Number of protein chains: 2
Amino acid sequence: MRVVVTGGFGFLGQQVTDVLLARRTLCGAPVDRLLLADRNVPAATPVADHPLVDVVRGDLSERLDDVFRHPVDVVIHLASAVSAECESDFDLGMTANLDTTRALLDAARAQSAAGGPTPRVVFSSSVAVYGSDPAAPLPPVVDERTLPTPQSSYGTQKRVCEQLIAEYTRRGFVDGRVARLMTVAVRPGAPNAAASGFLSGIIREPLSGLPATCPVDPALRVALASPRRTVEGILRIAEAGRDNGPGSLEGRLPVNLPALTVTVADMLDALRRVAGDAVADLVTVAPDPAIEAIVGSWPASFDNARARALGLRPDDDFESVVRAYIQDHPDAVTVAVGKSGH
Amino acid sequence: MRVVVTGGFGFLGQQVTDVLLARRTLCGAPVDRLLLADRNVPAATPVADHPLVDVVRGDLSERLDDVFRHPVDVVIHLASAVSAECESDFDLGMTANLDTTRALLDAARAQSAAGGPTPRVVFSSSVAVYGSDPAAPLPPVVDERTLPTPQSSYGTQKRVCEQLIAEYTRRGFVDGRVARLMTVAVRPGAPNAAASGFLSGIIREPLSGLPATCPVDPALRVALASPRRTVEGILRIAEAGRDNGPGSLEGRLPVNLPALTVTVADMLDALRRVAGDAVADLVTVAPDPAIEAIVGSWPASFDNARARALGLRPDDDFESVVRAYIQDHPDAVTVAVGKSGH
């Protein structure tokens, strides 16, 4: 089968790619070709030279003819403008997130309408579809029946795309799936423009000996998932059956990926236990109302029964997330870290 | 103030226009100009010659420069492709309902961004945003906290527009309001392509001596509102305050207009009581699975607490709806009807 990963050279795209190239199967069939579409393709990247991999570089909306030049069986749509840039540039977010996803859905629909396979489209949505509206606060525990009332442009765009995918699926144009990602931490690499970026930065930067700023009150509760668990969730939802029964999507679309609920203070305590006081003291708390407003509007506690029914589970605790980051990114960790903890 | 009514020569548009021209005020200010935008403008229509009225004819998305040539204070956005045509022509619905509404919102945003008034945009949404998904059925009683899971293209488009309006409002681009209309019955005039059109036709056609087909099981329960109550609701939501307190929108957007819940059999019984057996017997029951699927997916029972807080109430009963139709459209009623009922 031919699999497309949009945002294929982004952080999650690379994680998904690595897993697919290691497994070589998806949805019970061999992965014959893996097309990575991204506007940014690193100059030197071994994966681009992999014999199974094709690369399409550029704005996705302008390159859909190339993406669908050969029949596509599965699209894992990770390409997205992130939350803070959507908030600062409304039109950019509407174009990158809403218009591009719709164009992708129309390209997939054109393939099935022309007699080709009906593409399975796996959309990476976000916890940001939920927002705590002062006049209609979220319930203390959120599940997929909770009415999303996004309080950010990014969350609105993700929610609208979820509904377009549901509709394209209802009409038989695509076989759509929606994985709502929790905040992914700890992300490696450079900071991005996500409002939630600090939730990786306050761990990642100190572990490389750099200072970091925590722009929220450490008492803030957040819903996190490690990169490993996030990729596992995306691929599980890609492979889930659509019919009723255990381990299926039971006809409904969005699945909230399992969330580990912690306070930011819990995260900093875990860093302190793993890496010591000198490293943890590199974090300075300096609340930024704009960041607090976005991240604080997201729910922190979930009933993950749907994800559990698919066999998905949250990370055990944040300390194990920090240790997994250190294990997966040894080159990015420049401070001395005890191997067995405190 | 300058008021725009899109779909201004449609049935509801004309009702809203008549009320506005009679009242001459909206939101506490005099209505100085009333612009009616519609792709279809009747050849001879007295309202077009009214001294307060301007007319813009054509596709709304192509005429927005003319609509916003002078500062607009309030837009009542009624223009829409209807449910059955959206189901039979997916692209038409996406263009007419989603793209046109977004273009309207962007034109309104351009006005406020240029230093003009922030337009109040009143969007006519629909009960069709709710759909009974077999895997996730609706609760027995629906309110504004119920998660909409539309089961039609029309419902999806309306729901997506609701969320765009919430977002444009959150960002301060417009002052958006959303009135979710129940099925409006009894509509006068020719049948339209709405899946719910028969809910007017089974009353209207017999009252003019014509046969009518009921395409659903008469036991089906439906949520109705008369044209009078519907127009009242749209204007009340246009005028509601946005701040907290009784009679305000309390910050939240969609309001379900009050619903009269009846079975189709109740409707036919009311017709029989008002107009007699010979008229009621003009209706033939011949279920059409396509119509039943759309209309049957809509909820029939509502908790209308939000609408009640705004002072809105449902019709008393369906017999009074039939009598109001006869009173408002004497020329369309050709059969003999007792003036005081049975």
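A polar contact here is a pair of N or O atoms within 3.5 Å, one able to donate a hydrogen and the other to accept it. The views below show a predicted model.

**View 1. Polar contacts between the two domains of chain A.** Across the interface of domain 1 of chain A and domain 2 of chain A, 11 residue pairs, both at pLDDT 80 or more, are in polar contact. On the domain 1 side, the elements that give two or more residues are helix H3 (83–88), helix H7 (227–239) and strand S12 (254–256) of chain A. H7(A) gives the most, with 6 residues. By class, this side of domain 1 has 14 nonpolar, 9 polar and 8 charged residues.

**View 2. Extent of the interface between the domains, and its salt bridge.** Domain 1 of chain A covers 2–182 + 226–256, and domain 2 covers 198–221 + 259–332. Their centres, taken over C-alpha atoms, are 24 Å apart. In the contact, 31 residues of domain 1 meet 21 residues of domain 2. About 2300 Å² is buried between these domains of chain A, 58% of it from carbon and sulfur atoms. The rule finds 1 salt bridge across this interface. A:Arg228 and A:Asp328 form a salt bridge in which the closest N and O atoms are 2.8 Å apart.

**View 3. The axis relating chain A and chain B.** A turn of 180° with a shift of 0.0 Å along the axis lays chain A on chain B with an RMSD of 0.0 Å. The two copies are therefore related as by a two-fold rotation axis. A:Leu147 has the C-alpha of chain A nearest the axis, at 2.4 Å. Both copies use the same surface, since 100% of the contact residues of chain A recur in chain B.

**View 4. The contact between chain A and chain B.** Each side is listed separately: 34 residues from chain A and 34 residues from chain B. The buried area is about 2900 Å², and carbon and sulfur atoms give 50% of it. A:Phe90, A:Arg102 and A:Leu147 lose the most area to chain B in chain A, together 20% of what that side buries.

**View 5. Salt bridges and polar contacts between the chains.** The rule finds 6 salt bridges across the interface of chain A and chain B. A:Arg102 and B:Asp99 meet through their side chains in a salt bridge, 2.7 Å from N to O. Between the chains, 18 residue pairs, both at pLDDT 80 or more, are in polar contact. H3, helix H4 (90–113) and helix H5 (153–170) of chain A are the elements that give two or more residues to the side touching chain B. H5(A) supplies the largest share, 9 residues. That side of chain A divides into 13 nonpolar, 7 polar and 14 charged residues.

Technical notes:
Residues are numbered from 1 along each chain as its sequence is written. Chains are lettered from A and ligands numbered from 1 in the order in which they are written. This is a predicted model: local features need pLDDT of at least 70, side-chain atom pairs count only at pLDDT 80 or more; totals for chains, interfaces and linings use all residues. Side-chain values use heavy atoms; hydrogens and water are left out. Domain bounds come from an automatic or database domain assignment. Contact means heavy atoms within 4.5 Å. Buried area is the accessible area (1.4 Å probe) that two parts lose on being put together, summed over both. A salt bridge is a side-chain nitrogen of Lys or Arg within 4 Å of a carboxyl oxygen of Asp or Glu. A polar contact is a pair of N or O atoms within 3.5 Å; within protein, one must be able to donate a hydrogen and the other to accept it, and residues adjacent in sequence count only if both atoms are side-chain atoms. Helices (H or I, at least four residues) and strands (E, at least two) are DSSP runs, numbered from the N terminus. Ala, Val, Leu, Ile, Met, Phe, Trp, Tyr, Cys and Pro count as nonpolar, Asp, Glu, Lys and Arg as charged, and the others, Gly among them, as polar. Copies are superposed by least squares on the C-alpha atoms of residues with pLDDT of at least 70 in both.
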